[in-house]
Every structure is written in C-alpha cells, then in structure tokens.
Amino acid sequence: MNEILDFLTGPGARFSLTILALGAARLLILTAADFVNVVRRAGDKNIEYGEALASTLSWAVPVRHITHTRPLFSAVSFLFHLGLIITPLFLLEHIMLWELGTGYGWAALPGAVADGMTLLVILAGMFLITCRAADRLRRFISTPSHYVLTGLIVTVFASGFLAHQSWNPLTRTPIMIIHTLTGNILLILIPFTRLSHAILFPLARIATACAWHFRAEPPLLSRAVTPGEEPDKK
Amino acid sequence: MTGEKRPHPFTMERPPAEGRAAAFMSAFAGILRASSYRPILDLYSRITLHCSRCSAECMLFEASGDPVDNPCYRSSILLRIYRRHFTPGGRLRAKLTGGMARTERDIDEMTESYYHCTTCGRCTRYCPFGIDHRLIVRLGRYILSEIGIVPKNLSVSTREQLEGSTRNTSGLPLKVLRDNLAFLEEEIRETKGVSVRFPMDVPDAEYVFFAPVSDYIMEADTLMGIACVLHEAGISWTIASGDYDAINYGLFYNDARLGEIIQNMIREVRRLNGKKILMGECGHAYRSMRGFLSTYDDGAALPVVHVLELTSRLIEENRIELDREAISEKVTYHDPCNIARSGWIVDQPRKIIRSFIRNFREMDHPGRDNYCCGGGGGTVTVGELKPYRMDIAGKRKAEQLKQTGADTVIAPCANCKKQIRELITHYKLPMNLAGMHDLIFTAIKMKRTE
C-alpha cells in the first residue's frame with residue numbers, strides 16, 4: 001500500500017504535472033498561434049485588445065458580476081473556483097512534497113483555513129452537481145462529462161480532507177491512495193477536457209475580439225437563389 | 001424538450017429537399033477552409049461548460065422556457081457538429097457511437113433556434129467564459145444560408161439590394177425616392193418656414209448620408225429632423241443616388257453579403273468624393289459599417305459617424321438650438337442593441353435628450369445592459385415570426401415600456417421602430433413611438449434662412 005502511495009506522490013505526481021505543464025503549454029501556444037493567424041488574415045487588423053483585456057480581468061475576479069445573474073449559483077461557483085485554485089497551491093502537505101522534490105517551498109495556509117476551504121469546495125461542488133441534475137434545462141444540456149469532472153474534483157477534495165481528520169473511521173492509506181490517484185488523474189485531464197477552460201480562460205475574450213475580424217474576401221460558396229431563377233413556391 | 005419534428009419557422013425561396021445534411025457539411029467545410037472561424041470553434045468547444053448562466057439573461061428563454069431558446073444550447077448545436085465532423089477526436093467518437101446521424105435533426109433545430117435569436121448579444125455580456133453566442137448564431141445562419149435555408153424576406157430583399165434594378169431592400173425606385181424627398185422639403189417649408197434641401201449626388205460633401213431605406217417610406221419625421229439639424233449647423237452632406245439604403249442584412253446571415261453591401265456603399269462615397277460616412281437612425285446599419293468597413297475597404301478607411309453622435313456634438317458646440325418647451329410629454333429611450341451593447345452610442349442620445357426633454361424616464365437595464373426589442377437580427381422582417389416576436393421575443397420589452405409610464409418611447413433604429421410599434425399595438429400600451437430626430441424636428445429652432 002505504502003509503495004503505491006509513494007509512487008503516486010513521487011514519480012506519478014511528477015508525470016501528471018509534466019503532462020499538465022506540456023498539455024497547457026501546447027494548448028496556449030497553439031491557440032495563441034491560431035489567433036495570431038486570424039489577425040494576420042483579417043481585413044481589419046485593429047483589434048480592441050484593451051477592452052478584451054479589461055473584460056478578462058473583470059471576469060477573472062468576478063465579484064461585481066455575482067449579484068447580477070443568479071446570485072446564489074454565481075456566488076457558489078465563484079467560491080468553488082476560489083477554493084479549487086487556492087487550497088491545493090497553499091496546502092502545507094503539498095508544499096512539503098514540493099519542497100522535498102525541488103528544494104523550494106512557500107508559505108502555507110493555516111490548517112483550519114485550508115480545512116474550511118476544502119469543505120467549501122466539497123459542498124460547492126455538490127451544490128453545482130445537484131443544480132445541474134435537479135434543473136430540467138441544465139440536465140438537458142449536460143453530458144456525463146459535466147457530472148464526472150465535477151464529481152472527480154469533489155472526490156479529490158473529500159478524500160484529502162478525510163485522510164487528515166482524526167475522526168476518520170477509514171484506514172488512512174487507502175483514502176490517501178484515492179486522493180492521490182484521483183488528484184493525478186485530474187491534473188492529467190485538465191488540458192484534454194472541459195477543464196481546459198482553466199488554461200484558456202485568459203485567451204477567450206481576446207480570441208473572441210479577434211474572431212469578429214473576418215477575412216477581407218469571404219467565401220461565396222453558392223447563391224441561395226440565383227438571379228433570374230424561378231424560386232420554388234411554398 | 002427538443003427532438004420532436006417541428007415545422008420550419010419561415011418560408012424559404014428554395015428550401016433544400018434531399019441530402020440536407022451532406023449539403024450542410026459541404027458548406028460548413030467550405031466556409032471553414034476559406035474563413036477564420038475554425039480557431040474560435042476549437043476554443044469554444046474546449047471551454048464551454050454549459051453552466052447556463054446566460055439563460056437567465058436571455059429574454060427569449062425567460063419567456064418561452066424552450067431549450068432551443070437557451071443561448072448555451074443554441075451554440076452547442078453547431079459546436080457539436082463541428083466537434084463531430086471536423087475534429088479528429090470527435091470524428092472517432094462519432095463513429096464509435098453512431099453520432100453522425102444526428103445532423104438532420106440538428107439542422108431543424110438550428111433553423112428554428114438561430115432565427116428565434118435576435119443576436120442581441122446580451123447572453124455574451126454575461127457569459128463567464130466569454131463565449132460569444134452571437135458569433136456562433138451568425139456562423140450557423142451563414143452555413144444554413146449557403147444551402148438555401150434563409151428566410152425568404154431576407155434573401156429576396158438582399159438580392160434586390162445587390163443585384164436588383166432599385167438597389168435597395170424595399171425596392172424603392174430612385175424616381176420615387178426623389179419625389180418623396182421633394183415632398184419632405186415641401187413639408188419642412190410649410191412646418192418650419194425654411195427651405196431645407198435633401199441634397200443628392202453633391203460631390204465633395206463632408207458627409208455622405210445613408211439611411212435605412214424604410215425611413216424614406218415610413219419615417220418622414222426622422223428624415224426631416226436630420227435634414228433640419230444638418231441644415232441648421234451648416235454641414236455639407238449628400239445622399240448617393242447609386243446606393244442610398246443603409247440596411248445590411250448580410251450582418252445577420254452571410255459574410256459575403258455583408259462585405260458586398262459595404263463595398264457598394266463605399267464605392268458611392270468614393271464616386272462623390274465624400275469625406276465621411278453618416279449613418280442614419282439604424283442600429284445594425286451603423287454596426288455593420290463601423291464594425292466591418294475596415295475589413296472590406298481596400299483603401300484608406302473613411303470615418304463612420306452615427307447621426308446621434310453628430311447631433312449630440314452639434315448641441316454641445318451650440319450649433320443647433322432645441323426648444324425646451326416643445327416636448328412636454330413623458331419620454332423614455334430604448335437602446336438599440338447594435339449600437340448600445342458595445343457602448344458605442346449610449347451617452348450621446350442621453351445628452352441630446354437632456355438638452356431639450358424635461359420629463360425623461362430611464363428604462364430599467366439601460367445602455368449596454370439593455371434588453372432587445374425582440375425584433376433584432378433581421379427577425380423583424382420575417383412575417384411568419386411575428387407571433388413569436390410579439391408573445392415571446394418582445395414580451396420583456398413590452399413590460400419594460402409599460403413600467404416607464406412614458407407617453408413616448410424613442411427608438412433610433414428602423415428595426416426597433418417596427419417591432420416596438422407592433423408591440424404597442426399588440427400589448428395595447430398607451431404610448432407612441434418616435435425616432436430621436438422626430439422629436440428634434442418638433443423642437444429645433446431654425447435660424448438659418450438659406
């Protein structure tokens with residue numbers, strides 16, 4: 001059991017982080033190159049970068065957008081993302097593992113705060129899954145991957161939380177294996193699934209601004225109705 | 001929910017009969033090859049999470065509750081086809097799961113959903129991921145139009161504008177236009193006691209003016225107000241006889257048409273050696289010209305000015321004077337999506353209003369946050385969509401108008417004017433509709449005699 005755990009926190013984690021880093025770099029570079037090409041071919045190359053950047057920053061910390069639309073859903077979603085990003089990066093155990101491997105470390109969150117944020121992610125994740133499943137519309141537009149990915153995040157956080165509680169009724173090592181295994185899977189999946197929004201978010205609005213700058217000669221593939229032809233009567 | 005066979009929501013000139021899916025895929029592939037849409041489809045396919053936050057901001061979904069009216073779902077139809085047919089992973093998965101067969105049903109859903117959408121862009125403003133559903137709907141309509149799925153009114157009027165003898169969307173002959181303008185000049189002389197001209201084909205003018213052609217038929221007061229403002233400020237301007245229609249339905253359904261119409265108008269400006277382009281009270285016409293002029297103009301880009309921008313500036317410079325006692329009724333203002341969502345024309349109309357209207361009542365959700373009138377995206381021209389425009393698309397706007405308690409609503413856009421007039425009748429609202437320059441025509445003090 002311990003060998004498995006050692007593998008998952010050692011070479012396994014290094015492998016997952018490498019896949020994440022390479023996958024993220026690939027996505028960012030290819031996407032940026034795509035849009036450089038879009039601008040290069042555009043008839044009008046004056047892109048409104050300033051406005052797109054301002055909008056991106058405003059949505060990166062979307063506090064002022066929360067109350068406007070579906071406040072409860074928006075607030076829970078914001079807290080979910082906040083905990084999801086902050087907690088793993090500033091958890092003492094994660095920093096220690098990093099320090100062990102690289103010699104570099106940084107300040108950690110106090111244990112109680114980390115626990116609180118972990119619980120927040122678990123509860124918020126369950127709320128988001130429930131919202132999706134309970135609402136007729138959102139259920140209709142959801143695919144299994146929506147549930148699986150959020151469920152995976154909840155599993156990573158719940159197992160990590162459970163493993164460190166003194167009242168945990170289960171044996172610690174299997175729980176830690178679940179935590180590290182699901183955590184590694186999550187890291188690997190980020191560049192290849194919908195989770196890639198975490199990587200591509202900074203580019204999305206700028207890309208949209210570029211996409212409205214069409215080529216100067218749009219393709220005229222056919223004419224819906226050729227002049228002089230008798231249209232079908234309907 | 002969706003999935004059931006629904007009738008086509010509009011009449012088409014040449015509806016595709018057999019093999020629609022293959023034709024659609026061929027058109028889609030052709031457009032992807034020759035355009036720059038692929039990267040944005042790739043990006044949106046990756047990041048969309050279907051959180052459905054946009055549905056709370058869409059007045060269509062709010063009123064209908066129908067998934068085809070949910071912006072998330074609407075975009076997902078085309079994105080799904082893209083993934084399934086134009087990405088290696090999607091193709092493999094579709095082969096394994098048999099997903100290819102869905103396209104026929106997808107075409108039906110797109111036909112309905114993409115022409116319910118008024119492309120107002122409100123959903124985009126509130127999408128946490130920055131997905132522009134309006135761009136996807138445009139592309140969907142573009143592909144559909146290439147296989148003949150386009151409302152008859154849009155294709156017929158655009159063809160008349162591009163290739164017909166009258167060169168405008170309403171089929172208004174030049175001779176009739178000249179008669180109408182002479183009548184308007186006479187009307188101004190009788191009302192204001194001043195001789196004001198509607199100049200045509202004057203070379204070297206500062207502004208070449210393009211109004212939606214429907215204004216020349218139905219919005220006499222708007223045109224008279226604009227002519228009086230330009231006359232009073234001593235501005236040189238002209239209408240171009242070759243292409244005088246500002247309407248550009250290409251913005252709504254086809255990149256090629258969008259470009260052709262803009263190029264025709266530029267040609268006229270160059271023929272007359274005009275210095276700037278002045279767009280009349282029309283939302284989409286201004287957006288298409290300001291947003292895409294530089295794309296399709298191969299020469300030095302001409303400045304594009306909206307008439308509300310110009311009038312606001314002339315008021316600030318004291319070059320025109322408006323009578324503050326002329327309009328006593330309660331007035332509200334409707335922001336047309338195509339000029340307000342971007343923030344381009346939001347403050348200018350309010351500056352104009354504050355300069356002469358004492359009893360102004362702002363609508364809820366003003367400016368960039370506005371709700372569409374329900375007739376945007378070309379849907380107002382599609383007769384078969386009228387029941388939908390009244391009961392679903394325009395419901396929110398009717399409620400907003402009612403809440404203001406105003407006697408008059410200003411809507412400086414030809415499409416919005418038509419839709420709001422119909423809403424006023426449909427919902428029996430006790431108010432009138434006016435263009436901004438209709439009220440200016442009433443209030444302007446004419447001092448210049450020649």
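**Exercise 1. Find where Asp245(B) sits in this predicted model, and decide whether Asp245(B) is buried or exposed.**

Step 1. Start with the chain trace: Asp245(B) lies in the loop of chain B that runs between β2 (237–239) and α13 (250–253).

Step 2. Now look at accessibility and charge. Asp245(B) is buried, yet has no salt bridge. The nearest side chain of opposite charge belongs to Arg167(B), 10 Å away. A salt bridge would need the nitrogen and oxygen within 4 Å.

Step 3. Look for polar partners instead. The Asp245(B) side chain makes a polar contact with the side chain of Thr169(B), at 2.6 Å. In addition, a polar atom of the Asp245(B) side chain lies 3.0 Å from the backbone nitrogen of Val213(B).

Step 4. Fill in the surroundings: leaving out residues up to four places away in sequence, Asp245(B) touches several residues, including Gln161(B), Pro212(B) and Met265(B).

**Exercise 2. Describe the contact between chain B and chain A.**

Step 1. Count the residues: 69 come from chain B and 54 from chain A.

Step 2. Take the area. The two chains bury about 5500 Å² between them, with 59% of it on carbon and sulfur atoms.

Step 3. How many salt bridges are there between chain B and chain A? The count is one: the side chains of Arg368(B) and Glu51(A) meet at 3.0 Å, N to O.

Step 4. Add the polar contacts: 20 residue pairs across the interface, both residues at pLDDT 80 or more. On the side of chain B that touches chain A, the residues divide into 31 nonpolar, 18 polar and 20 charged.

**Exercise 3. Classify Ala134(A) as buried or exposed.**

Step 1. Locate Ala134(A) in helix α7 (residues 111–134) of chain A.

Step 2. Exposed means over 50% relative accessible area. Ala134(A) has 59% relative accessibility, so Ala134(A) counts as exposed.

Key: Residues numbered from 1 in each chain as written. Chains lettered and ligands numbered in written order. Predicted model: local features only at pLDDT ≥ 70, side-chain atom pairs only at ≥ 80, totals over all residues. Heavy atoms only, no water. Helix = DSSP H or I, 4+ residues; strand = E, 2+ residues; numbered from the N terminus. Buried < 20%, exposed > 50% of the residue type's maximum accessible area, 1.4 Å probe, protein only. Lys, Arg positive; Asp, Glu negative; His and termini not counted. Polar contact = N/O pair within 3.5 Å; in protein donor to acceptor, adjacent residues only side chain to side chain. Contact = heavy atoms within 4.5 Å. Buried area = accessible area lost by both parts, 1.4 Å probe. Nonpolar A, V, L, I, M, F, W, Y, C, P; charged D, E, K, R; others polar.
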